[in-house]
2 protein chains.
Amino acid sequence: MATAGEEVPNKRVVLKRYVTGFPTEDAMEVVTGTARLAVPPGSSAMVVKNLYVSCDPYMRGRMTKHDRPSYVPDFVVGEFALQMGDGSTFLLCTLSFSAWDLTILWPPLVQILQALVNFGVCKVVASGHPDFKVGDLVWGMTGWEEYTLVPKPESFSKINHPELPLSYYTGVLGAVGQIVGQLAKLTGCYVVGSAGSDEKVNLLKTKFGFDEAFNYKKEQDLDAALRRYFPEGIDIYFENVGGPTLEAVLNNMRNHGRIPVCGMISQYNLEQPEGVHNLFQVVAKRVRMEGFMVFDYFSKYYQFEEEMAGYLKEGKISYVEDIADGLEKAPAALIGLFTGRNIGKQLVAVARE
Amino acid sequence: MATAGEEVPNKRVVLKRYVTGFPTEDAMEVVTGTARLAVPPGSSAMVVKNLYVSCDPYMRGRMTKHDRPSYVPDFVVGEFALQMGDGSTFLLCTLSFSAWDLTILWPPLVQILQALVNFGVCKVVASGHPDFKVGDLVWGMTGWEEYTLVPKPESFSKINHPELPLSYYTGVLGAVGQIVGQLAKLTGCYVVGSAGSDEKVNLLKTKFGFDEAFNYKKEQDLDAALRRYFPEGIDIYFENVGGPTLEAVLNNMRNHGRIPVCGMISQYNLEQPEGVHNLFQVVAKRVRMEGFMVFDYFSKYYQFEEEMAGYLKEGKISYVEDIADGLEKAPAALIGLFTGRNIGKQLVAVARE
């Protein structure tokens, strides 16, 4: 391990250009900068070594330049950029090592984006913060790079269950589809999954214990497929897809049904999103649709962590990961989410320890 | 007034053919049948003389033949049709006079539709029901005709405030736009109205006390108009329009904003409803959209009636009506809702007393 203050090479995944339409790997680039494994004197920042980073569909939105501020800041193209705090950004985390002393000198500066950022599991290698010691295992919003300077360590959480595979902590808040269905089963629901390959359909039914699952790519008529599995209608649809799937679901909702809206992956790569034409069903069936974001529920995280750790250890929840090895494979792993290449939660192992 | 049991002419508005696209008056026809001003011996039905009937946009949906059951039954074309109870219809009310004794002989029969039906204010002219006496003023789901035999009088409510104009009772549950905005003002909201003519815009601001109002037909860019009136975003959008208006609103919602969905009048006459392309805003802004129907809240009706009667008598709520005189004018009055011809709550005076 590098000694404190030493300057080391720092491989990172940067955004080369903003994306419209379907993203390709060459929108990103793996470059090598440098990192200093120390925090500025007097600072309460920390430096982490990144172990696992999560690949999530919502990152696609950050690869596009928006006219108006989005719910998360756009990524910044290139290797050096400043971003000022305006109160609307939700987490401040990645800071360039080549400008590391700016954390001290220029308080309004909140972020120098040099790499893509997302949730990851990390080990603390330097810290000026009383709550975080060298060697601590943590997770939080970090860079797609080997080392990240974290100006605000308070935004990170400790790994409270090191007896679980470390990598699970990248997915505890991200691997939505497989977890939601299993939690629904635990509460007694009849659960039907929709997936894009027979292999995944099989996994849903055998490994995750869904009551039914179907391959949406093989269904000529989604509406009919849903009617087949839900002859009396759907009480709860966990929305992660959008577009024509949502339309078919709306036609099959039951009166007073509920649609928590987590994401709409089918729409993220379209230059013009598809229209949903039957929203009147929301009235006819008195449906509640409500969007949510994990950021709004961080206060419940510890409760969730305990509950989920218990389920995992008791074998009540199964968890399947798809781990890409090394930052070089990170761009392909991210793109693969949109073709459905991954089986299970997609993440990148930056380093195993 | 006709004596009990007498057979009298009964003018009624019937649906001549099912409608696709924009409805025209000639989809309806005013015909004259007969009515008997008595109830079958031993029956608990009642016969009412219709005074005022309400014109509401949702009726458009009932003028189309649906493949699957809709939230309210489709109207039936022609002058005679039977409809059986399957548990999904919500109110059973209109019964043909020429087949009036079927109410006794054939209990599974729930409706013989001979006229369009909707909420109306009526006077009881014959009754076998202990709670309803001849001369009582009532309101409920009735026929677009002079006299209606009501097999289930329990679905009707008494007029508890005869000191108010009788016609108000057709609109108490229907004249949504003007009432919602005023109720919002009473609870302290900043209220902006959108209307389709300068005259209506003026009415919203002067008579109803909205803070602002604009003529959506004169706005080149609805998105920009909403940004102008809501620079910090919209907390609550009462949805009655749909389509491009909903899209513009979604772009301007505030985080955690709410959209009660009452109707989508802009979509009712389109053969293919317009798509809403930016539903992802529901996630990005954690918006709650929830459809509702008045039928689900009838248990709160008396509370609402008292509250509203109080506001009307104290002058805290203003109410504007647009009354068409006579059943002959009913088809035009109904169609006028979709061109925005009416100013205020549209109703038809079948008889004044």
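Over which residues of chain A does pLDDT stay under 50? Keep that question in mind as you browse the views of this predicted model.

**View 1. The low-confidence stretch of chain A, residues 80-111.** Here is the answer: pLDDT stays under 50 across residues 80-111 of chain A. For this stretch, the model has 89 contacts beyond four places in sequence. As a backdrop, chain A averages a pLDDT of 87, and 88% of its residues score at least 70.

**View 2. Chain A, with its ten helices and 16 strands.** Take a moment to follow the chain through these elements. Among contacts in chain A with a separation of 6 or more, 67% join residues 24 or more positions apart. Of the 353 residues in the chain, 54% count as buried. Turning to the surface, chain A exposes about 15200 Å², and carbon and sulfur atoms supply 52% of that area.

**View 3. His129(B) in its loop.** Now we move to chain B, where His129(B) is found between β6 (117-127) and β7 (137-143). Is this residue buried or exposed? His129(B) counts as buried because its relative accessibility is 10%, with the cut-off for buried set at under 20%.

**View 4. The surroundings of His129(B), including Glu154(B).** Leaving aside neighbours within four places in sequence, His129(B) is in contact with Ser44(B), Ala45(B), Pro153(B) and Glu154(B). With Glu154(B), the contact includes a polar one: the two side chains meet at 3.4 Å.

Definitions and conventions: Residues are numbered from 1 along each chain as its sequence is written. Chains are lettered from A and ligands numbered from 1 in the order in which they are written. This is a predicted model: local features need pLDDT of at least 70, side-chain atom pairs count only at pLDDT 80 or more; totals for chains, interfaces and linings use all residues. Side-chain values use heavy atoms; hydrogens and water are left out. Helices (H or I, at least four residues) and strands (E, at least two) are DSSP runs, numbered from the N terminus. Buried means under 20% relative accessible area, exposed over 50%, partly exposed in between (1.4 Å probe, protein chains only). Contact means heavy atoms within 4.5 Å. Accessible areas come from the Shrake-Rupley method with a 1.4 Å probe; for residues, only the protein chains shown count as cover. A polar contact is a pair of N or O atoms within 3.5 Å; within protein, one must be able to donate a hydrogen and the other to accept it, and residues adjacent in sequence count only if both atoms are side-chain atoms. pLDDT is the predictor's confidence in each residue, from 0 to 100.
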